[in-house]
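Please work through the following exercises with the structure at hand. Each task is followed by a solution in steps.

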Amino acid sequence: MQETSTKPYLLRALYEWCVDNGYTPHLAVKVDSRSQVPSEYVRNGEITLNVSPTAVHKLQMGNDLVEFSARFAGVARQISVPVNCIYALYARETGHGMTFDVDAPKPATQVDAGQDSGKPGPSNEAGPALPALAGLPSASPTEPTKPSGGKPQLRRIK
């Protein structure tokens, strides 16, 4: 029997944390053929969805799908997003949240088992980006610049 992913549980916990602190939770989603989202709002194969209690109706965050209805330009739409397509949940006001891998976990093969023996299973954090950032020389401690409009940006907090 395959172990259940921690990702849906972390998504629910982060959502609850955002709501409890008065923040607006947003889901960042890589759209694929299984995603039911308004295509006119998809940019570069991605969409960011406001999932605050005031913006959505009948939110269900299951282990496989996140489903709700919401209004886009005044028109009610049914939204359905596979959990494994969600790559972040964060608070709009602070950018605090968590990023996730969007690829579904691959079943272990003989090659994988030989290379990964003794290591923990798949992580919910983006692995390749972290070592590259750690190797960069540290910049002077200046205040980060605020984004100039457009899509909100994530900030990784450890």
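The exercises treat the overall make-up, a helix, a sheet, salt bridges and two loop residues.

The model is predicted, so local features need pLDDT of at least 70 and side-chain atom pairs count only at pLDDT 80 or more, while totals for chains, interfaces and linings use all residues. Residues are numbered from 1 along each chain as its sequence is written, and side-chain values use heavy atoms, with hydrogens and water left out.

**Exercise 1. Overall make-up**

Task: State how many helices and strands the protein has and in what order the elements run.

Solution. Step 1: Helices (H or I, at least four residues) and strands (E, at least two residues) are taken as DSSP runs, numbered from the N terminus. Step 2: On this basis the protein has three helices and seven strands. Step 3: Read from the N terminus, the order is α-β-β-β-β-β-β-β-α-α. Step 4: Burial is assigned by relative accessible area, with buried under 20%, exposed over 50% and partly exposed in between (1.4 Å probe, protein chains only). Of the 158 residues in the protein, 28% are buried. Step 5: A contact requires heavy atoms within 4.5 Å. Among contacts between residues at least 6 apart in sequence, 57% join residues at least 24 apart.

**Exercise 2. Helix H1**

Task: Compare the expected span of H1 with the distance between its end C-alpha atoms, and determine how its buried residues are arranged about the axis.

Solution. Step 1: The expected span is 1.5 Å times one less than the number of residues. Step 2: Helix H1 covers residues 7-20, and its 14 residues should therefore span 20 Å; the end C-alpha atoms are 20 Å apart, in agreement. Step 3: The buried residues of H1 are Lys7, Pro8, Leu11, Leu14, Tyr15 and Cys18. Step 4: Viewed down the axis, these buried residues fall within an arc of 125°, so they line one face of the helix. The arc refers to the directions from the helix axis to the C-beta atoms. Step 5: Their cover includes strands S1 (25-30), S3 (56-61), S6 (86-91) and S7 (97-99). Step 6: Just after H1, Gly22 adopts a positive phi of about 80°.

**Exercise 3. The open sheet**

Task: Give the strand order of the open sheet and identify its edge strands.

Solution. Step 1: Two strands pair if DSSP finds at least two bridges between them. Step 2: Four strands form the open sheet in the order S2-S1-S6-S7, with antiparallel pairing. Step 3: The edge strands are S2 (46-50) and S7, each of which pairs on one side only. Step 4: From one strand to the next, the twist averages 15°. Angles run from 0 to 180 degrees between N-to-C directions, and axes are lines fitted to C-alpha atoms, for helices over the stretch in contact. Step 5: S1 and S2 are joined by five bridges, and Ala28 has Thr48 as its bridge partner in S2. Step 6: H1 lies across S1, S6 and S7, at about 20° to S6.

**Exercise 4. Salt bridges**

Task: Find which residue forms a salt bridge with Glu46, and describe two further pairs.

Solution. Step 1: The criterion is a side-chain nitrogen of Lys or Arg within 4 Å of a carboxyl oxygen of Asp or Glu. Step 2: A search of the whole structure yields four salt bridges. Step 3: Glu46 pairs with Lys30, with the closest N and O atoms 3.0 Å apart. Glu46 lies in strand S2 and Lys30 in strand S1, so the pair ties together parts that are 16 residues apart in sequence. Step 4: Glu46 is buried at 17% relative accessibility, whereas Lys30 is partly exposed at 34%. Step 5: Arg34 and Asp32 meet at 2.5 Å, N to O; Arg34 is partly exposed at 45%, and Asp32 is partly exposed at 25%. Step 6: Arg92 and Glu93 meet at 3.6 Å, N to O.

**Exercise 5. Two loop residues**

Task: Establish whether Pro38 is buried or exposed, and list its contacts beyond four places in sequence.

Solution. Step 1: Pro38 is located in the loop between S1 and S2. Step 2: Its relative accessibility of 3% classes Pro38 as buried. Step 3: Neighbours within four places in sequence aside, Pro38 contacts Ile47, Phe72, Arg77 and Ile79. Step 4: Pro38 and Ile79 are 41 residues apart in sequence and 8.0 Å apart in space, C-alpha to C-alpha. Step 5: Ser35 also lies in the loop between S1 and S2 and is buried at 10%. With neighbours within four places in sequence left aside, Ser35 contacts Lys30, Ser80, Pro82 and Cys85.
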